Amino acid sequence: MNDHRQGSGFRPPGDTAFVGRGDELRTLLETVARRPAVVFVEGEAGIGKSRLVREAAAVLGGRGVRVLTGTCHPLREPLPYGPVTDALRGIGTWLPPTGRLGPSAGALAPLLPDLAHRLPAPPEEAAEPGGRRHRLAAAVRTLLGATAPVALVVEDVHWADDATRELLLLLARDLPADSALVLTYRAEDLPAERPVLGAPYRRPPGTAGAEIALGPLGRAELRAMAREWLAREPAAALVRTLLRRSEGLPLIIEEDLITLAAHPADAGTAALRVPRSLREVMDERTAALSPDGQALAGAAAVLTRPADEAMLIASAALDETRGATALVEVLRAAVLRQRGPDTYGFAHDLAREAVYESLPGPVRNRHHRRILEVLQAQDPPPLVQIAHHTRALGDLAAWLPQAQAAADQAMEIGDDGTAATLFGAILEQPDLAPEQLAKAALSLATAARWSIAYTETIATLRRIVLLPGLPVPVRGEIRGHLGRMMLNQAQDPAGEEEVLTALSEVGDTNPTVAARLLGSLGISETARFSLAEQHALIERGRVLAATTGDKVARSVLEVAHYGVLGLQADPSSAAMLDALPREGDERIDREHVVVILSNSAEISLCVGHDERAAATVAEVLALLPDTHIPILTAYVHYYRIILDWLAGRWQDWERGLTACEADYPESPLWTHGLVATIRGLTAAARGHTAPAADILDRILAQEGARMTTLGAAAGAARLHLAQQHPEAAWESLCHPVDHLAFLRRKGAWPYAWDLVPTAVEVLLALGETRPARELADEHAAGTAGRDAPGAAAEQQLCRGLLLRTEDPGRARDCFERAAEGWRVIGRPYHAALAAEHAALTLPDPAEAADRLAGPLAVFDRLGATTDAARCRHHLRARGRDRPALPASPGRAGYGEHLSPREEQVRDLLATGASNKDIAAALFLSPRTVENHVARLLRKLGTTRADLTGHRHFPS
């Protein structure tokens, strides 16, 4: 199928991954399958119309449908019927003998001289032009019918001449029975107020039809294209840049990726320019405009943002009448688009850049000066725009105070993103005075304090704190902002050291800043401070804040105070949270309430108040529009997916995690702490031991001991326990950091992430009964009187583990109470694990087998392969072989298809698991695993090496 859109100004897509068009391709194929069919595919230049029909043609060819393709061209005097005759030139090998063709096909002989000998003799020339067109339409129908099943594709119909439009309209109204017509076009380039076929088309009865409008690609699709082109995982900043530049247009994405692939990796996006293809399209459109239209298009390009009619006309220095006419002209020429009720701008920023770059320097500068005059006359003047145009004219001396004023104005109105961009630009200027540098750095840190895009700000602040000449207290204030961003946005515990250093640098010179820094330390999640010491830090900060009356300091300290109460599972904290005023007169009041609630949501799900956590997340989501805290949106999704996993909605968790990583690619939330821990726990539950160990060990090595790494230490230990290696399990709990020592120092016993029950089980496996009992007693004392349902369930688990040998009946009661506790909380996986323990204490094998059915059903539903296999192992040991999987996976009934057991083995092989690992995960003998592996490799026609790395599970 010919995919070249000659004359369109865009080169055809290469053989990149076909992404983001699955629904559209499905619609096109399903419609063509119901022949006769007419399909319209509409979209702007570069959106991927040709790629879509090319992919469809490949599928149709495989289904035995012949595809003929022709293209319209933007010629001054196009050849009538040219696209149709171009397509028909390739029909020769499919034509039946001449005698089997109807005489009407002869009308095409003069237009297809190379095929004239294969066609009937031409009929006499029709007297009327209309009669000739009808004869041609009949001839085309005859050829299509003779070569059916067939699909005729005509691309870029917006450039078709009138004769071709009429021919296509006649065909669309009367297609042969086993044929389809597929037409692609750009709506913005159709002749003014005319339908695509020149006259209204109404689909006749019995003819299938579809109208497919292609939109831009999203972040996930762009990432897939970049991964293929660059042969590596693209950085989040690169994906964001490419998406901003392209607005999702596939061909712009591809041209940018071609440029990046041809340049050294360290060149980054600096090598990117306006794609040639887009520049040619925009040059062609603007060249056809009148002088007034060109003036208005130029003014719109210099303005940088969509504007209303009055602003565009004034910026182009046109009077009202000429300006109104020029605006209509540029809209009809598809140079500008209507972006709102009275707002007009370019389709995307690269189109604006293409027009801007084509303006001669003097013309561009005249536009900048004229726009400055218009903006400065407004009341109040838009300082951000004024600063931009001042800098564009090269007047840096005038720009610096303008930029400072504009950034301050953006801060006042809550536009932190614009303010951060301006302060960042100010900090790039050489030879700033120390006071200018300090002011801009502090302002940048303040503006970016809640930003999701924090990486560049952290790098800038790191650079600034190393510069000589800054007063030490000022350096300390800047460093304090750096440390807080490292802790809050980057999830980097090293930020705590920066905050401590900042506190020493600030000293007694600035009580306000010192109070804020003490509040940041008061919420510490590391082993540096115990909860009692954090209380002391907060109280010290409150004393300082009282002397200054600083609301921000009071807010930071209040956030820390509520956080410490939550970490202790203080029974009074829920009522205190309910009493917080949800509406404040000032932005700082609203922000600090939302931050407190957000923190409390995480604490709630860590202590076992899942319903409370879900309700708080919903409340935070409702309050966010009234605040300016972009990062909390990511946190809301973070809590939601964790709650999905805890509630046993593991498929929702996986889908949600994929969406979060695409929406917030820079956030470390998806690779650190709780989410990373759950990745590891899920992989372990599904038998993917090696990936699980990698994930959990990486958390412990990189993050050390923190509140959010308790579950990772427990998970790593359980992997060793499952392999009967209690010594290695104990090492996981104590090295590279001692999580039990951390727990004791922090006093964070209410946190329910399985650390204490796992440690008790490991100690018992090592024969250390007394230390196990002492640890359980410490946990009981640390959680007594606390509002922590999860810790209460874990305490019952600990007691059951301690009693199961000497008093199985009492142990069973403890396990059942633990299971019921988890069920009330709403965690089916945890409840099933406890119920499995309870079943195993029953002396009667039949009764135990019956009780194992419940946990087994939960594990099967969740896809917890290892847990389900362990349950089946227990069933077999009790003489009850009731596996849901067939005992003989290769037996008749599966044939050359993989059995469920073989699918499990395949997925484990894909992770690089050895036969020994697979046997341990599925509770099978190594010999049985060898047989499964040999059988499935034969069925798949592959080798073990080729299968490794092709994962069939979400990681």
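Start with strand S4, residues 179-185. S4 is mostly covered in this predicted model: seven of its seven residues are buried. Show the side chains. Ser179, Leu181, Leu183 and Tyr185 point one way. Ala180, Val182 and Thr184 point the other way. Both sets are buried. In general, side chains in a regular strand alternate between the two faces of the sheet.

Now bring in the rest of the sheet. Five strands form an open sheet in the order S2-S3-S4-S1-S5, with parallel pairing. Select 66-71 for S2 and 208-213 for S5. These two strands stand at the edges, each with a single partner strand, so one side of each has no neighbour in the sheet. From one strand to the next, the twist averages 15°.

Next, select strand S1, residues 37-42. S1 runs parallel to S4, and six bridges join the two. Where should you look for pairs between them? Ala37 stands opposite Ala180 in S4. Glu42 stands opposite Tyr185, also in S4.

Stay on S1 and turn to S5. Six bridges join S1 to S5, and these strands run parallel too. Which residue of S5 stands opposite Ala37? That residue is Ala208. Ala37 therefore serves as a handy landmark: click on Ala37 and look for Ala180 in S4 and Ala208 in S5.Now colour S5 by residue. Ala208, Ala210 and Ile212 point to one face and are buried. Gly209, Glu211 and Ala213 point to the other face and are not buried.

Go back to S4 and look at its partner S3, residues 150-155. S3 and S4 pair in the parallel sense over five bridges. Pick Val154 in S3: the bridge partner of Val154 in S4 is Leu183.

With the sheet still on screen, add helix H5, residues 162-173. H5 lies across S1, S3 and S4. Against S4, H5 runs at about 140°.

Leave the sheet and select helix H15, residues 383-392. Which residues of H15 are buried? They are Leu383, Gln385, Ile386, Ala387, His389 and Thr390. To see what covers them, show H10 (291-303), H14 (361-376) and H16 (396-412), which are included in that cover. Then step past the end of H15 to Gly394. The phi of Gly394 is positive, near 85°.

Move on to Thr682, in helix H30, residues 673-685. Is Thr682 buried or exposed? Thr682 is buried, because its relative accessible area is 5% and the cut-off is under 20%. Show what surrounds this side chain. Beyond the neighbours within four places in sequence, Thr682 is in contact with Trp645, Trp650, Trp653 and Glu654.

Finish with a pair of helices. Select H38, residues 808-825, and H39, residues 828-840. Their axes come within 8 Å and cross at roughly 165°. An angle over 145 degrees counts as roughly antiparallel, so H38 and H39 are roughly antiparallel to each other. Their crossing is left-handed.

Now show the side chains at the contact. From H38, pick Arg812, Phe815, Glu816, Ala818, Ala819, Trp822 and Arg823. From H39, pick His830, Ala831, Ala834, Ala835, His837 and Ala838. These two sets meet. Colour them by class: the contact has eight nonpolar, two polar and three charged residues.

Terms used
Residues are numbered from 1 along each chain as its sequence is written. This is a predicted model: local features need pLDDT of at least 70, side-chain atom pairs count only at pLDDT 80 or more; totals for chains, interfaces and linings use all residues. Side-chain values use heavy atoms; hydrogens and water are left out. Two strands pair if DSSP finds at least two bridges between them. Helices (H or I, at least four residues) and strands (E, at least two) are DSSP runs, numbered from the N terminus. Axes are lines fitted to C-alpha atoms, for helices over the stretch in contact, and angles run from 0 to 180 degrees between N-to-C directions. Contact means heavy atoms within 4.5 Å. Buried means under 20% relative accessible area, exposed over 50%, partly exposed in between (1.4 Å probe, protein chains only). Angles under 35 degrees count as roughly parallel, over 145 as roughly antiparallel, 65 to 115 as roughly perpendicular and the rest as oblique. A crossing is left-handed if the near helix is turned anticlockwise from the far one by less than a right angle, and right-handed if clockwise. Ala, Val, Leu, Ile, Met, Phe, Trp, Tyr, Cys and Pro count as nonpolar, Asp, Glu, Lys and Arg as charged, and the others, Gly among them, as polar.
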